[in-house]
Amino acid sequence: MNHWLEIKQLLPAHVQLVAVSKYHSIEQIAEAYTAGCRDFGESRVQELRTKQEALPKDIRWHFIGHLQTNKVRDLLRLNPYLIQSVDSERLLAAIDAEAGKQGLVQNILLEIHVAAEATKSGFSPEEFRALLASLNEHPYHNIHICGIMGMATNTDEETEIRRCFAQLYRLAEDMNHCGCVNCENAPIISMGMSDDYPIAISEGSTMVRIGSAIFGERE
């Protein structure tokens, strides 16, 4: 059963819901689309291409998976609404260069690593602050940095989950004061998934990425 509408009605008006459709079927996405969903999250370029070709053209596709630099050209050709998982300056530069070649400005979020697991990717808080400080002098012309994305530690300890989300919120606030032309006055704060999105919202999230609570377990 598809629970998109049920979850959507529980969210505050200022929180955007992205249905994480990776590994779920075209039929399941179509069901959520019929219920009113327009924002879907995918993590593999080929899977996104296949689904984009089969589904309505007004869907806003969010790329939320780890992106290799050699896949940037193929992804940008699909015109994603938002790339949420930009986790290094190398990837940032690759997207900027390719967007310039394709004559577009790509919306992105900077992925920040605050969780305890070393396996998760992203800018460290120190790297993120250093990047913000450099943007006035060295701006990216074919990228619009719209905010940040992050994940909490995979734990049942609410105190640790709140620590992660509170830290992400404070880092997003730094974007309000950096003065760089790429940053919005109200940056997107993409944090919170199926198991922890109520906590994320209470800590300031403006965008949640929910998969299993909408579609059930992955196929």
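**Exercise 1.** State where R163 and E160 lie in this predicted model, how their side chains meet, and whether R163 is buried, partly exposed or exposed.

*Solution.*
Step 1. Helix α7 holds both R163 and E160, and they are 3 residues apart, about one turn of the helix.
Step 2. An α-helix has 3.6 residues a turn, so residues three or four places apart point the same way.
Step 3. The two side chains form a salt bridge, with an N to O distance of 2.9 Å.
Step 4. R163 has a relative accessibility of 34%; because buried means under 20% and exposed means over 50%, R163 is partly exposed.

**Exercise 2.** Describe the salt bridge between R162 and E158 and the exposure of each partner.

*Solution.*
Step 1. R162 and E158 are both in helix α7, which spans residues 158-177, and their separation is 4 residues, about one turn of the helix.
Step 2. Their N to O distance in the salt bridge is 2.8 Å.
Step 3. R162 is partly exposed at 27% relative accessibility, and E158 is partly exposed at 40%.

**Exercise 3.** Which parts of the chain does the salt bridge of R73 and E98 link, and how exposed are R73 and E98?

*Solution.*
Step 1. A search of the whole structure gives 11 salt bridges. One of these pairs the side chains of R73 and E98 at 3.7 Å, N to O.
Step 2. This pair joins distant parts of the chain: R73 belongs to helix α4 (residues 72-76) and E98 to helix α5 (residues 89-102), 25 residues apart.
Step 3. R73 has a relative accessible area of 44% and is partly exposed.
Step 4. E98 has a relative accessibility of 10%, under the 20% cut-off, so E98 is buried.

**Exercise 4.** Which residues of helix α6 are buried, and which exposed residues does the face turned away from them carry?

*Solution.*
Step 1. Helix α6 covers residues 125-135, and its buried residues are P125, F128, L131, L132 and L135.
Step 2. Viewed down the axis of α6, these buried residues fall within an arc of 120 degrees, so they line one face of the helix.
Step 3. The face turned away from the buried side carries E126 and A133, which are exposed.

**Exercise 5.** Which residues form the negative surface patch with D195, and where does D195 lie?

*Solution.*
Step 1. D195 forms the patch together with D156, E157 and E217.
Step 2. D195 is in the loop between β7 (188-190) and α8 (197-202).
Step 3. The relative accessibility of D195 is 79%, over the 50% cut-off, so D195 counts as exposed.

Terms used
Residues are numbered from 1 along each chain as its sequence is written. This is a predicted model: local features need pLDDT of at least 70, side-chain atom pairs count only at pLDDT 80 or more; totals for chains, interfaces and linings use all residues. Side-chain values use heavy atoms; hydrogens and water are left out. Patches are made of residues with over 30% relative accessible area and no salt bridge: like charges are joined within 9 Å, nonpolar side chains (Val, Leu, Ile, Met, Phe, Trp, Tyr) within 5 Å. Accessible areas come from the Shrake-Rupley method with a 1.4 Å probe; for residues, only the protein chains shown count as cover. A salt bridge is a side-chain nitrogen of Lys or Arg within 4 Å of a carboxyl oxygen of Asp or Glu. Lys and Arg count as positive and Asp and Glu as negative; His and the chain ends are not counted. The place of a charge is taken as NZ of Lys, CZ of Arg, CG of Asp or CD of Glu. Helices (H or I, at least four residues) and strands (E, at least two) are DSSP runs, numbered from the N terminus. Buried means under 20% relative accessible area, exposed over 50%, partly exposed in between (1.4 Å probe, protein chains only). The arc is that of the directions from the helix axis to the C-beta atoms.
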